[in-house]
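Here are a few exercises to work through with the model open beside you. Try each task before you read its solution.

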Amino acid sequence: MKILYAPDYESLSRKAAMLIGAQILQKPCSVLGLATGSTPIGAYRYLSQWHAAGDLDFSQARSINLDEYCGLPDSHPQSYHYFMRQHLFDHVNFAASDLPEGCAEDLQAECRRYEQIISAYGPIDLQLLGIGHNGHIGFNEPSDHFVAQTHLVRLKEQTIQANARFFDDPGQVPRQAITMGIAAILQAKKVLLLAGEGKEEILRQALTGPITPQVPASILQLHPDVTVVTTAKEMSCSR
Ligand code: F6R
């Protein structure tokens, strides 16, 4: 596992974008696993700028997002479809991009459909991840077991509260989401985990504590090619 220290958010964003950009330069037809949340926004801004400058071409690449809320239409400003268009897809030229459909009539069937997409185009070449305050990756919430496949998840109260900052009314935060499971994340050829301010303690637990579904990100200790970019100085070393 490589742990890269970034002194501030801009540096974290640039380093993350450089690693994603290098992936696209080295393998233009990469499958990128993408995340939402506040952490990757800066990296997406750099990728958009480098594409506009002619340095990065995503036309042979495709993306597969980690997750989507249930019940928010794609046009809702807090849906992850909207987020991805706003921060990345409207600015770069992916050949194709997939996210789970959180408004599908049959959510279980949608989980199966998404799993088929992952099987058809995977394994993911580079999976970008943030980490929740409770150690979730994607919306794989703390639990007594890991869930391998794409699944429907009831969001934990801590996650609902953390995400309430994006909604006018905290009561509007969806209680359910569809998330990629742990298997697709572990099968990704490379994982790039971003952890900014406020994530120091959970990052330490995830990377140095026991591997447990109570801290879903701890499973990354088993992955052979993880790069972490973090503003947590005490974590910066390679092992
Ligand atoms: C989002 C996702 C989540 C976030 C995590 C951190 O697609 O999968 O796991 O990465 O909740 O969110 P931020 O970056 O907002 O702290």
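**Exercise 1. Contacts of the ligand**

How far does a polar side-chain atom of His136 lie from an oxygen atom of the ligand?

Before you start, note that this is a predicted model, where local features need pLDDT of at least 70 and side-chain atom pairs count only at pLDDT 80 or more, while totals for chains, interfaces and linings use all residues. Residues are numbered from 1 along each chain as its sequence is written, and side-chain values use heavy atoms, with hydrogens and water left out.

Step 1: pick out the His136 side chain; the gap from its polar atom to a ligand oxygen is 2.7 Å. That fits a polar contact (a pair of N or O atoms within 3.5 Å).

Step 2: look at Thr36, where a side-chain N or O atom is 2.8 Å from an oxygen atom of the ligand.

Step 3: do it once more for Arg165, and you get 3.2 Å from a side-chain N or O atom to a ligand oxygen.

Step 4: see how covered the ligand is. On its own it exposes 410 Å², and the protein buries 93% of that (Shrake-Rupley method, 1.4 Å probe).

**Exercise 2. The shell**

Find how many residues surround the ligand and sort them by class.

Step 1: count residues with a heavy atom within 4 Å of the ligand. You should reach 14, with Thr39, Asp67, His136, Gly138 and Lys199 the closest.

Step 2: sort the shell, and it splits into three nonpolar, eight polar and three charged residues. Gly goes with the polar ones here, while Asp, Glu, Lys and Arg count as charged.

**Exercise 3. Two pockets**

Work out which pocket the ligand takes up, then look at the second largest one.

Step 1: a pocket is an open set of points on a 1 Å grid over the protein atoms alone, where a 1.4 Å probe fits, with protein on both sides within 12 Å along at least five of seven lines; lining residues have an atom within 4 Å of a point. The ligand's space is the largest pocket.

Step 2: this largest pocket has a volume of about 690 Å³. Its lining has 38 residues, and those nearest the centre include Thr36 and Arg165.

Step 3: the second largest pocket comes to about 170 Å³. Among its lining residues are Leu4, Leu19 and Val191.

Step 4: α1 gives the most to that second lining, with four residues.

**Exercise 4. An odd peptide bond**

Which two residues does a cis peptide bond join?

Step 1: most peptide bonds are trans.

Step 2: the cis one links Gly122 and Pro123, with omega about 0°. Pro123 sits in the loop between α4 (107–121) and β6 (126–129).

How values were computed. A residue is near a molecule or strand if one of its heavy atoms lies within 4 Å of it. A polar contact is a pair of N or O atoms within 3.5 Å; within protein, one must be able to donate a hydrogen and the other to accept it, and residues adjacent in sequence count only if both atoms are side-chain atoms. A molecule sits in a cavity or pocket if more than half of its atoms lie within 2 Å of its grid points. Grid points are joined across faces, edges and corners, and a volume is the space filled by probe spheres set on the points. Helices (H or I, at least four residues) and strands (E, at least two) are DSSP runs, numbered from the N terminus.
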